[in-house]
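Q: Please take a close look at one part of this model, the place where the two chains meet. Set it against the build of the chains.

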There are 2 protein chains.
Amino acid sequence: MSSELQTLIDIELPIIQAPMAGVQTSALAIAVSAAGGLGSLPCAMLGMQEIRDQLALITSATDRPYNINFFCHRPPVEDAARNAAWQNALAPYYTEFGLDPGEVPEAEDRAPFGEEALEILREFEPPVVSFHFGLPADDLLQGVRATGARILCSATTVAEARWLEARGVDAIIAQGLEAGGHRGMFLGEDITTQVGTLALLPQIVAAVDLPVIAAGGISDAAGVGAALDLGASAVQVGTAFLLCDEATTAPLHREALTSPGAAHTALTNLFSGRPARGIVNRIMRDLGPISDDVVPFPLASRALAPLRSAAEARGSSDFTSLWCGQNASGCRAIPAAELLRSLAAQL
Amino acid sequence: MSSELQTLIDIELPIIQAPMAGVQTSALAIAVSAAGGLGSLPCAMLGMQEIRDQLALITSATDRPYNINFFCHRPPVEDAARNAAWQNALAPYYTEFGLDPGEVPEAEDRAPFGEEALEILREFEPPVVSFHFGLPADDLLQGVRATGARILCSATTVAEARWLEARGVDAIIAQGLEAGGHRGMFLGEDITTQVGTLALLPQIVAAVDLPVIAAGGISDAAGVGAALDLGASAVQVGTAFLLCDEATTAPLHREALTSPGAAHTALTNLFSGRPARGIVNRIMRDLGPISDDVVPFPLASRALAPLRSAAEARGSSDFTSLWCGQNASGCRAIPAAELLRSLAAQL
């Protein structure tokens, strides 16, 4: 029996591979979509030409539905005092690595969804577009809808789910606290509002009249079954795909995911300026995972970049964002299609 | 088909009513046990005579199995500097209510499980004894085992579950982050180690060779089914029972549970000194839910008590611990037996 979401976007299996910027490109999306799930292309860290190139790869490789994902943060306002505070918090590490604080690189290209990206959607007409950190402005959103795409967006509270329903999304991703990577929260910044999947999912299902996709903590077939029991129309799985052959997860990240340390993740704003879940490492321990000194998303990564590079060159992930959910037990170094089949084993 | 836990303690339904100190006595336990679940008597805030009286009530009312619950914290060490810091943090409220800081009452009777309580167990031979905050010292634990009781204890991490298994408990309560009231954490104090139920439960099930009881975020029959899907041998439900006729939940607490505010809970150490989940109220907003100034468990409640009384006399729960999990949607003002039947509806 197909769920409402399966019918809506014509997928064989009610399983979405979570878009994970920085650790995957089109290859993972293609593998998952071709195997009957919904593969996702994360665009948060891609330039416009890269997005075009990746979409060309997807559309030439499979005619199955796929999802393209964008961040919808407000562009940050530069603040010299906060920049200085953040640089100051990192100063001891610059000294330790013999780095020059004057050589902090310019901000990387991580623009929110805008007119240029919409133009690409008009060109490729992707079947599904998902957003994180809320939705783009109304005119942009209408532009996306006009391409014919089904629109998904993450909600981390019941209030966010209701807000999204009122704006006409086609389905809601209930992102439980267990999920790895960035919290999709957009109606507030207080992380105590964030709710575990088992509690969040049924409350969102009860609150809205849309298909709900469960995300956070799902790592195997039993987890998929439990989410469907709780009223989910599909699940979104991220962490379990991080070791897959098609993921571009860096060796240090892969190593961390299979280490005992993967059992301890925390929400941290140190790496980007927004709370995201990753494996606890040195900088998170030193500064505390949540710092008031951090500059707004996505600028925090700028001053960290030289430290990250220097440490990684020494084989250390002390300054690397090791995104991971609270259940890494499903991570397996196998082809994504095989992982997808194992997730679907009880359907 | 009976689960391993049902066989172990001879209960008809794989549902435990969570022990909730301060909001219930024997009446709730009796109602649940008589209806086929496992009712629990929380002893954390009871004196020895009260425990005897409550056990006498239970054993005269039902011959079904019941659970008696104790806290296993280390007795706090008084520290004048910390006491002063905590009193100082609360000073503005003392002024606001016209209270005299010199009149802070003595600590209430909240001793950890000890020899006196063991003597009561020898007398009543309860079928099940559960512990929170770890286990009592080895000699005490052996004393409990010698009474013939099945021993349960909460684990909030995989490491805690393994620790408990090594010490010979009969079953483990996997307490997910969603749960209301005190976190049972005992191998550390870092709340970032705490994991959502959907992620914690299957990892504990995989790690130990004992029946596992799922707790946190379960509020209805679908939640019970999901937990069993994930390998739980039973569930423990607390919050949903808070409005039941047999609970002694205070009117202000009941009011909060049915208000929109119940959607926002947080872990806070303000009320006792240990992290516990409750509905966010004024003092949690003012001081932040987690304060470094707070004195060790259970002493924090001492200096708060006069404020709580004064505010409650004005009809305000600004200083009241409003324990509640992340899913209050199952709270119903009905007899506990009826709630239990609804939780069991899909079994």
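A: What follows starts with a chain, moves to the contact and ends with the strands.

This is a predicted model, in which local features need pLDDT of at least 70 and side-chain atom pairs count only at pLDDT 80 or more, while totals for chains, interfaces and linings use all residues. Residues are numbered from 1 along each chain as its sequence is written, and chains are lettered from A and ligands numbered from 1 in the order in which they are written.

Chain A holds 13 helices and 11 strands; helices (H or I, at least four residues) and strands (E, at least two) are DSSP runs numbered from the N terminus. The C-alpha trace of chain A spans about 60 × 45 × 40 Å along its principal axes. Its radius of gyration is 19 Å, which agrees with the value near 20 Å for a compact globule of 347 residues; the radius is taken over C-alpha atoms, and the globule rule is 2.2 Å times the number of residues to the power 0.38. Of the 347 residues in chain A, 55% are buried, that is, with 20 or more other C-beta atoms within 10 Å of their own, the C-beta atoms being placed from the backbone.

A turn of 180 degrees and a shift of 0.0 Å along the axis lay chain B on chain A with an RMSD of 0.0 Å, superposed by least squares on the C-alpha atoms of residues with pLDDT of at least 70 in both. That is the relation of a two-fold axis. Within chain B, Ala226(B) has the C-alpha nearest the axis, at 2.2 Å. Both copies use the same surface, since 100% of the contact residues of chain B recur in chain A; two residues are in contact if their C-beta atoms, placed from the backbone, lie within 7 Å.

Chain B and chain A each bring 32 residues to the contact. On the side of chain B that touches chain A, helix 8 (197-207) and helix 9 (221-229) each supply at least two residues. Helix 8 of chain B gives the most, with six residues. This side divides into 14 nonpolar, 16 polar and two charged residues; Ala, Val, Leu, Ile, Met, Phe, Trp, Tyr, Cys and Pro count as nonpolar, Asp, Glu, Lys and Arg as charged, and the others, Gly among them, as polar.

Last come the strands. In chain B, strand 10 (residues 265-268) pairs antiparallel with strand 11 over four bridges, where pairing needs at least two bridges found by DSSP. Leu267(B) stands opposite Arg277(B) of strand 11. Strand 11 (residues 276-279) of chain B is also joined by two bridges to strand 7 (residues 181-182), again antiparallel, with His182(B) opposite Ala276(B).

Methods. Buried ≥ 20, exposed ≤ 12 C-beta atoms within 10 Å, placed from the backbone.
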